[in-house]
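Please walk through this structure with its sequence at hand. The tour moves from one helix to the next, with stops at single residues.

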Amino acid sequence: MFEAIGWDEIKNFEYMPQPIIAKIEHACASHEIPLHTHPKGQLILALHGYVTCEVSAKMWMVPTHSAIWIPANKVHSNRASDNAELCHVFIDGSMQGMPQNTCTLAITPLVKELMCTLASRDQHYRVDSKTARLAQVLFEQLIEMPIQHLDFVLSKNVVIQAMSQQLINQPNDRKTLPQWAKQFALTERTLARLITKETGMTFGKWRTQLHIIISLQALSDKQSVQQVSELLGYESVSAFITMFKKVMKISPMKYMNELNAY
């Protein structure tokens, strides 16, 4: 069995000379780690619960089944859900093959087991040890994991900041683009252009990305599909299911079943 450790201990582990280090963190209560960096690249897998990270003006979601990859020396912050259990893997920059930019990766059951098994071992391993070979196998698997798109673009623009904060705090807010424009005393066309400039997306796609993140968080917390639909302000459950399937290529119910079997 692995030993769950605290954040301060994790900070010590990442400076070890071994190229790949893995440890488990158990968050007893919802907490946020403020802006910080790591000398190694960091992979965070949510074993239970979820993590939300802010990196490079984007909010990244890490539900169960997924991991976030943050390259070395990237400034970021993390927020874990209540009683979240996280597996951290720190990878030295000399190990070539991981993505060069922050992203979320789909994680297979095999890779999850490799990560947890490595975390259960003594991290002060020799380069010719069984643990070193395990770490290498894990790395070879990780560089093959597909990239997902579970990010919500943030912005320093005051209007987009205000919109994103309202949408995050009140995910059931269904105001249309003209209504948002009126709130900020802008024309619809001006606001549409501003959103596209700041996020690279249309308003509809930008809000949908947030809804996907929130729905994955809620499903990870074992809320029902109907509860999630209501949380996001959809007029019907079927409308929510249609949105979810369009983006995730899987129904919310199937996602929940896989989540429970994981």
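Is Lys249 buried or exposed? Lys249 counts as exposed, because its relative accessibility is 72% and the cut-off for exposed is over 50%. Keep in mind that this is a predicted model. Lys249 sits in the loop between α9 (237-248) and α10 (252-261). Its phi is positive, near 65°, and the residue is not a glycine. In general, most residues other than glycine have a negative phi. The positive value at Lys249 comes just after α9.

Step back into α9 itself. The helix has twelve residues, and at 1.5 Å a residue these should span 16 Å. The end C-alpha atoms of α9 are 16 Å apart, so the expectation and the model agree. Three names make up the buried set of α9: Phe240, Met243 and Phe244. Viewed down the axis of α9, these buried residues fall within an arc of 95°, so they line one face of the helix. The spacing fits a general rule of helices. An α-helix has 3.6 residues a turn, so residues three or four places apart point the same way. On the face of α9 turned away from the buried side, Thr242 and Lys246 are exposed.

Phe240 of α9 also leads to the next stop. It is among the residues that Ser229 touches, leaving aside those up to four places away in sequence. The other contacts of Ser229 on that count are Tyr234, Ser236 and Val237. Ser229 belongs to helix α8 (residues 225-231). It counts as buried, because its relative accessibility is 2%, and buried means under 20%. The C-alpha atoms of Ser229 and Ala239 are separated by 8.3 Å, with the two residues ten apart along the chain.

Now turn to α6 (residues 188-199). Which of its residues are buried? They are Leu191, Leu194, Ile195 and Thr199. Down the axis of α6, the buried residues fall within an arc of 100°, so they too line one face of their helix. The face turned away from that side carries Arg189, Arg193 and Lys197, which are exposed. The length of α6 also checks out. Its twelve residues should span 16 Å at 1.5 Å a residue, and the end C-alpha atoms are 16 Å apart, which agrees.

What covers the buried side of α6? The cover includes strand β12 (151-153) and the helices α4, α5 (177-183) and α7 (203-220). Take α4 (residues 158-169) for a closer look. The axes of α4 and α6 come within 10 Å and cross at roughly 85°. That angle makes α4 roughly perpendicular to α6, because crossings of 65 to 115 degrees count as such. From α4, the contact draws on Val159, Ile160 and Met163. From α6, it draws on Leu191, Leu194, Ile195, Glu198 and Thr199. By class, six residues in this contact are nonpolar, one is polar and one is charged.

Both ends of α6 deserve a look. After the helix comes Gly200, with a positive phi near 80°. On the other side, Ala185 lies in the loop between α5 and α6. Ala185 is not a glycine, yet its phi is positive, about 55°. It is exposed, with a relative accessible area of 70%.

Two stops remain, earlier in the chain. Helix α2 (residues 109-120) has twelve residues, which should span 16 Å at 1.5 Å a residue. Its end C-alpha atoms are 16 Å apart, in agreement. The buried residues of α2 are Val111, Lys112, Leu114, Met115, Cys116, Leu118 and Ala119. Note that a lysine, Lys112, is in this buried set. These residues pack against β2 (20-26), β4 (41-48), β9 (85-91) and α3 (130-142).

The last stop is Ile147, in strand β11 (residues 147-148). With a relative accessibility of 47%, Ile147 counts as partly exposed. Which residues does Ile147 touch, not counting those up to four places away in sequence? They are Pro99, Cys103, Thr104 and Leu105. Thr104 lies 43 residues from Ile147 along the chain, and their C-alpha atoms are separated by 5.8 Å.

Note on methods
Residues numbered from 1 in each chain as written. Predicted model: local features only at pLDDT ≥ 70, side-chain atom pairs only at ≥ 80, totals over all residues. Heavy atoms only, no water. Axes fitted to C-alpha atoms, helices over the stretch in contact; angles between N-to-C directions. Helix = DSSP H or I, 4+ residues; strand = E, 2+ residues; numbered from the N terminus. Parallel < 35°, antiparallel > 145°, perpendicular 65-115°, else oblique. Contact = heavy atoms within 4.5 Å. Nonpolar A, V, L, I, M, F, W, Y, C, P; charged D, E, K, R; others polar. Expected span 1.5 Å × (residues − 1). Buried < 20%, exposed > 50% of the residue type's maximum accessible area, 1.4 Å probe, protein only. Arc of directions from axis to C-beta.
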